[in-house]
Every structure is written in C-alpha cells, then in structure tokens.
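Student: I should like to understand how terms are applied to a protein model. May I ask about them one at a time?

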Amino acid sequence: MNYLGLLYPMLILNFAIAVGIVRYRRRQIAHLKRLRARQLEEFEGYKREVAGELHDHFGQVKMQFAKLLRSRGEAVDSDLANTIIDLEGEFSNINEVLYPAGVESGDVAMLLQRLAATSPAIIRFDGPAQLVTTPSRALHIFRIVQETVSNAIRHSRPERLDLQLIADPQGILRIVCHYDTHATHDATSPAHAPTTPRPAHRGRGQSILQSRLTILDARHRLTTQNGWRTETFVIPTAA
C-alpha cells in the first residue's frame, strides 16, 4: 500500500485548512476592530454633544447672573469678577477634556500642546509645531495620551511630567511620557497627599485605551527606573 501517496494529499488538505483558519481569524480581527472603532466614534459623539450642552448652559448662567446683578444695581467687585473668570476657565477645561477643539484639523502636535496647557505647572511638552494625520487617528492618539497623563497625575502625583512627540521619516510616531514617581513612595512628602496605588484590575479607561491601541496598530511599553516611569507609544501615522 502506497502510504506516501496518501500522506501527500493529507498534508495538502491540512495546509489548506490551516490557511483557511488564519484567513478567517484575520477577517474576524479586522471586523472586531471596525466594530470597536464605530463604537468609539459614537462614544466621542456623545462627548461632543455633552461638551456643547455644557458650553451653552454656562453661557446662559453667565447671562442670567449678570442680569441679576444689574437689576439690583450692584457693581461687580474684583473678587466676584475673578470667580466668574475662574469658573469659565474650569468649564473650558471640562469641554477640552470631553471634546478638544481642533480635532478636525488632525494636528496631533496642537492637541498635545493643548493637553499640556491644562496643567502647565506639571506638564512640559516637546515636539514639532505641527504634525497632521487624519482626524480620527488624531483623536485616538489624543485620547491615549490624555488617559496616560491623567492616570500618571492621579496615581503618581508627579512634580514634573515630560511629554515628547517624535516623528520619523518612515511615518512612525513616538510619544514618550516621562514622569517622576517619588511622591508615590514617599509618605512623608509635604507637597503631596497620600496616593492611591493603581488598581490591579484593568478599568474602563484602560480597556478603552487598549482598544484604541489595537485600532491604530500601536505598541505600548512601560519602564521604571530610579523613581521615574517612562511610557512609550509607537504609532503608525497612517492606517
């Protein structure tokens, strides 16, 4: 009996099945990425609507407040005027967090500069004046960095956070977030309140961040050395 004659067709059949499984898995992954991207687009749409509602509502509150003061014939003193200005700034920051202005331009550098401006005493941005990609990719990149910076400030309480944006000619974008973690380990530090360590489980924000990394085909690396933590993101600027 010619066993070699039987073995050859079986090898061909198994190879064809394996190729079919790999192709099916790739199609499945691509479908899941598209589905997750659409879900995140809807999520961003809700954020945009909320930001618009907050902006309109605060504008109405300011107008009503000014009308009330005028009706009473009271002059607005400097402290009250400064309070109104501070409140306006806080609402602007909330809007920036919910849906940053300028996303439609696709300028990653501008978005990161605006993010650094929300905490100028801590965040120092270094990068090109302009780096343009598609609006959808720019928004994903911004959200990834925003989540990373927010977590760093919330959990590590750094005195300084360096945010660096690097683009190479091959179309690869590197974003480096470098910050100190000394306060996390120094319970006697007078400059910082006791901190809460990061939870062991992955929260909703981290889950969404991972989805964005997958959509962008990006990589994330975390290193810690001598009280400093470095988070590096390697992201293609084009799909």
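Student: Why is Asn226 called exposed?

Tutor: A residue is buried under 20% relative accessible area, exposed over 50% and partly exposed in between (1.4 Å probe, protein chains only). Asn226 has a relative accessible area of 68%, so Asn226 is exposed. The model is predicted: local features need pLDDT of at least 70, side-chain atom pairs count only at pLDDT 80 or more, and totals for chains, interfaces and linings use all residues. Residues are numbered from 1 along each chain as its sequence is written, and side-chain values use heavy atoms, with hydrogens and water left out.

Student: What makes the phi of Asn226 notable?

Tutor: Most residues other than glycine have a negative phi. Asn226 is not a glycine, yet its phi is positive, at about 50°.

Student: Why is Arg157 called partly exposed?

Tutor: The relative accessible area of Arg157 is 29%, which lies between the two cut-offs, so Arg157 is partly exposed. Arg157 also has a positive phi of about 50°.

Student: Why does Glu231 count as buried?

Tutor: Its relative accessibility is 5%, under the cut-off for buried, and therefore Glu231 counts as buried.

Student: How do you know that the side chain of Glu231 makes a polar contact with the side chain of Tyr179?

Tutor: A polar contact is a pair of N or O atoms within 3.5 Å; within protein, one must be able to donate a hydrogen and the other to accept it, and residues adjacent in sequence count only if both atoms are side-chain atoms. The value for Glu231 and Tyr179 is 2.9 Å, so the contact is a polar one.
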